[in-house]
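User: I would like to learn how to read the features of a model like this one, moving from single residues to the whole chain. Could we work through it together?

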Amino acid sequence: MKVSVLMRIDIVTIFPEIARGPLSSSIMGRAVDAGKVEIRFHDLREYTTDKHRQVDDMPYGGGPGMVMKPEPFFAAVAALKSESSRVILLTPQGQS
């Protein structure tokens, strides 16, 4: 008897091939194998608009380092979101 997928997880990252490894083993791997969870990986660069598929930019106000452009994230969420979905954005700050 085949169980229908109970949850679909869409992961947007600039390194989809790296994210697949950890999520294909342990508890998540067993849930995928049992058909309870479907995990889809999306390359953030697919949602850029420039010919170089750039996802980062110089920080506002100068200084060292790079920051992620918000536009590719907005485009990815708009393309993947449905009425019944939840969007979880991870930040370095965590919950406050």
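User: Does T48 count as buried or exposed, and what is its relative accessibility?

Analyst: Before the case itself, please keep in mind that this is a predicted model. The general idea is that a residue is called buried when its relative accessible area is under 20%. T48 has a relative accessibility of 15%, and it therefore counts as buried.

User: Where in the chain is T48 found, and with which residues is T48 in contact once its neighbours within four places in sequence are left aside?

Analyst: T48 belongs to the loop between β2 (37-43) and β3 (56-57). With its neighbours within four places in sequence left aside, T48 is in contact with R53, Q54, V55 and P72. There is also a polar pairing to read here, since a polar atom of the T48 side chain lies 2.8 Å from the backbone oxygen of R45.

User: R53 appears among those contacts; what is the sign of its phi, and is R53 buried, partly exposed or exposed?

Analyst: R53 is not a glycine, and yet its phi is positive, at about 55 degrees. R53 is placed in the loop between β2 and β3, and its relative accessible area of 32% means that R53 is partly exposed. A second case is S26, which is likewise not a glycine and has a positive phi of about 60 degrees; S26 lies in helix α2, which covers residues 26-33.

User: How should I read H42: is it buried or exposed, and with which side chain does the side chain of H42 make a polar contact?

Analyst: H42 lies in strand β2, and with 16% relative accessibility H42 counts as buried. The side chain of H42 makes a polar contact with the side chain of D10, at 2.7 Å. Beyond neighbours within four places in sequence, H42 is in contact with D10, I11, V12, T13, Y47 and L80.

User: Which residues lie nearest the centre of the largest pocket, and how many residues line it?

Analyst: The general idea is that rolling a probe the size of a water molecule over the atoms shows where empty space is left. In this model the largest pocket has a volume of about 1,000 Å³. Its lining is made up of 24 residues, and those nearest its centre are D10, R86, V87, I88 and L89. D10 thus links two parts of our reading, as the partner of H42 in the side-chain polar contact and as one of the residues nearest the centre of the largest pocket.

User: Which elements supply residues of that lining, and how many of the lining residues are nonpolar, polar or charged?

Analyst: At least two residues of the lining come from each of β1 (7-13) and α3 (70-80). By class, the lining has 15 nonpolar residues, five polar ones and four charged ones.

User: What can be said of S85 and Q93, and where are they found?

Analyst: Both S85 and Q93 are found in the segment after α3. S85 is partly exposed, with a relative accessible area of 28%, whereas Q93 is exposed, with a relative accessible area of 63%. The side chain of S85 reaches the backbone oxygen of S82 at 2.8 Å.

User: How far apart in space are Q93 and E38, and how far in sequence?

Analyst: Separation in sequence and separation in space are best read side by side. Q93 and E38 are 55 residues apart in sequence and 28 Å apart in space, C-alpha to C-alpha. For S85 and A31, 54 residues apart in sequence, the C-alpha to C-alpha distance is 19 Å. D57 and M7, with their positions 50 residues apart in sequence, are 34 Å apart in space, again C-alpha to C-alpha.

User: In which strand does D57 lie, and which residues does D57 touch, not counting those up to four places away in sequence?

Analyst: D57 lies in strand β3, and D57 touches M66, V67 and K69 when residues up to four places away in sequence are not counted. Its relative accessible area of 32% makes D57 partly exposed.

User: Finally, what pattern does the whole chain follow, and why is the chain said to be more spread out than a compact globule?

Analyst: The chain has three helices and four strands, and along the sequence they follow the pattern β-α-α-β-β-β-α. The radius of gyration is 16 Å, well over the 12 Å that the globule rule gives for 96 residues, so the chain is more spread out than a compact globule. Along its principal axes, the C-alpha trace spans about 60 × 30 × 25 Å. Of the 96 residues, 18% count as buried, T48 and H42 among them. Among contacts with a separation of 6 or more, 56% are between residues 24 or more positions apart.

Note on methods: Residues numbered from 1 in each chain as written. Predicted model: local features only at pLDDT ≥ 70, side-chain atom pairs only at ≥ 80, totals over all residues. Heavy atoms only, no water. 1 Å grid on protein atoms, 1.4 Å probe; cavity = no way out; pocket = protein on both sides within 12 Å on 5 of 7 lines; lining within 4 Å. Points joined across faces, edges and corners; volume = space filled by probe spheres on them. Nonpolar A, V, L, I, M, F, W, Y, C, P; charged D, E, K, R; others polar. Buried < 20%, exposed > 50% of the residue type's maximum accessible area, 1.4 Å probe, protein only. Polar contact = N/O pair within 3.5 Å; in protein donor to acceptor, adjacent residues only side chain to side chain. Contact = heavy atoms within 4.5 Å. Rg over C-alpha atoms; globule rule 2.2 N^0.38 Å.
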